[in-house]
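Please look at the model shown here with an eye to how its helices pack and where open space is left between them. The account is meant to be read beside the sequence and the coordinates.

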Amino acid sequence: MRAVQISRLDGPEAVQVVEVDEPGGDGAVVVDVHAAGVAFPDALLTRGLYQHKPDPPFIPGGEAAGVVRSAPAEAPVAAGDRVAALTMLSGGMAEVIALPAEQVFKLPDTVSFEAGAGLLFNDLTVHFALSERGRLRDGETVLVHGAAGGIGTSALRLAPALGAARTIAVVSTQEKADIARTAGATDVVLADGFKDAVRDLTGGRGVDIVVDPVGGDRVTDSLRSLAQGGRLLVIGFTGGDIPTVKLNRLLLNNIDAVGVGWGAWAMSHPGSLERQWSQLEPLLASGAVPPPQPEVYPLERAGEAIAALENRTAKGKVVLRMRD
């Protein structure tokens, strides 16, 4: 089978498409992959900068979508089912994958393979962030950083279905503003000066939740943008720098800075993935949450797709088409 391979830690330009043996399928669900998701950790993995450090050569990719080739009798999916699947840390960018049944989910017929490959990581992370860690309540306002990226567009798609009355997208360019609006943003502001723009939009009150996959130097202004009792959801650091928080800022306005480590939570809480999917899947099937509209690259351009995450030129979620 064909697969994306990282054989040396020299960045996305060193990514190759190679022929490797198919995985064995004893006791696992075997999936013929039609599309594979690309995420920011994949870019970090190409340089050995992620906390998970597999030895080269290895196949990157944490999520995929395709058709079940075979499955154990007790699995909730069967041969021929359309599915989305989580490999979690690596292995997803291959034409065939084999994985435990609890990491494979039936895909609604209304969701394409490309969209399906691009929704599990982001949508399950955002669902966990807003519902579990952020305690989103009906009628609240959510501010989204990196709003044109994968996590950002996911937050804009999910927040209204989970109760938000308003979503304010923060983007770096006008081109990205269009992406955020397409994903469902109520309002869009530029990153430069976003604090003052948010104050004006909310009549000085501030927002209830900030979704932040970016980090860097905007964290202090994010805290200042929160209303009393607001929550800053720390999801990642695509901005590069890991910021520090002065705790007096939390005290003065009764606000929270909340860590969102969905992957670690899912791996340490058996059954949590199935519970999340049981809540998310009906929203996707009914159209209450629209499927993502990913930027799709052919398999042969895998290095470019991963580079788009590293250099922050990605427009929404990035996905590889694994088969014609």
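What follows describes two helix contacts, one pocket and two backbone features of a predicted model.

**Helix packing**

Two packed helices are described by the angle between their axes and the distance between the axes. In this model helix H4, which spans residues 150–158, takes part in a contact with helix H3, residues 120–133, and in another with helix H5, residues 174–183. The geometry of the two pairs is set out below.

| Helix pair | Angle between axes | Distance between axes |
|---|---|---|
| H3 and H4 | roughly 60 degrees | within 9 Å |
| H4 and H5 | about 35 degrees | 8 Å |

The axes of H3 and H4 cross at roughly 60 degrees, which makes H3 oblique to H4. The crossing of these two helices is right-handed. On the H3 side the contact is formed by Asn-122, Asp-123, Thr-125, Val-126 and His-127, and these meet Gly-150, Ile-151, Ser-154, Ala-155, Arg-157 and Leu-158 of H4. Sorted by class, the residues of this contact comprise four nonpolar, five polar and two charged.

H4 and H5 pack with their axes 8 Å apart. Here H4 contributes Thr-153, Leu-156 and Arg-157, while H5 contributes Ile-179, Ala-180 and Ala-183. The residues of the contact of H4 with H5 divide into four nonpolar, one polar and one charged. Arg-157 of H4 is thus listed in the contact with H3 and also in the contact with H5.

**The second largest pocket**

Which residues lie nearest the centre of the second largest pocket? They are Thr-153, Ile-179, Thr-182, Ala-183 and Gln-293, out of a lining of 14 residues. The space in this pocket amounts to about 230 Å³. H4 and H5 each supply at least two residues of the lining, and H5 gives the most, with three residues. By class, the lining is made up of six nonpolar, four polar and four charged residues. Thr-153, Ile-179 and Ala-183, which are listed nearest the centre of the pocket, also appear in the contact between H4 and H5.

**Backbone features in loops**

Pro-56 and Pro-57 are joined by a cis peptide bond, with omega at about -5 degrees. Pro-57 is placed in the loop between helix H1 (40–45) and strand E4 (63–70). A second loop, between H3 and strand E8 (141–144), holds Arg-135, a residue other than glycine whose phi is nevertheless positive, near 55 degrees.

Key
Residues are numbered from 1 along each chain as its sequence is written. This is a predicted model: local features need pLDDT of at least 70, side-chain atom pairs count only at pLDDT 80 or more; totals for chains, interfaces and linings use all residues. Side-chain values use heavy atoms; hydrogens and water are left out. Axes are lines fitted to C-alpha atoms, for helices over the stretch in contact, and angles run from 0 to 180 degrees between N-to-C directions. Helices (H or I, at least four residues) and strands (E, at least two) are DSSP runs, numbered from the N terminus. Angles under 35 degrees count as roughly parallel, over 145 as roughly antiparallel, 65 to 115 as roughly perpendicular and the rest as oblique. A crossing is left-handed if the near helix is turned anticlockwise from the far one by less than a right angle, and right-handed if clockwise. Contact means heavy atoms within 4.5 Å. Ala, Val, Leu, Ile, Met, Phe, Trp, Tyr, Cys and Pro count as nonpolar, Asp, Glu, Lys and Arg as charged, and the others, Gly among them, as polar. On a 1 Å grid over the protein atoms alone, a cavity is a set of points where a 1.4 Å probe fits but cannot get out, and a pocket is an open set with protein on both sides within 12 Å along at least five of seven lines; lining residues have an atom within 4 Å of a point. Grid points are joined across faces, edges and corners, and a volume is the space filled by probe spheres set on the points.
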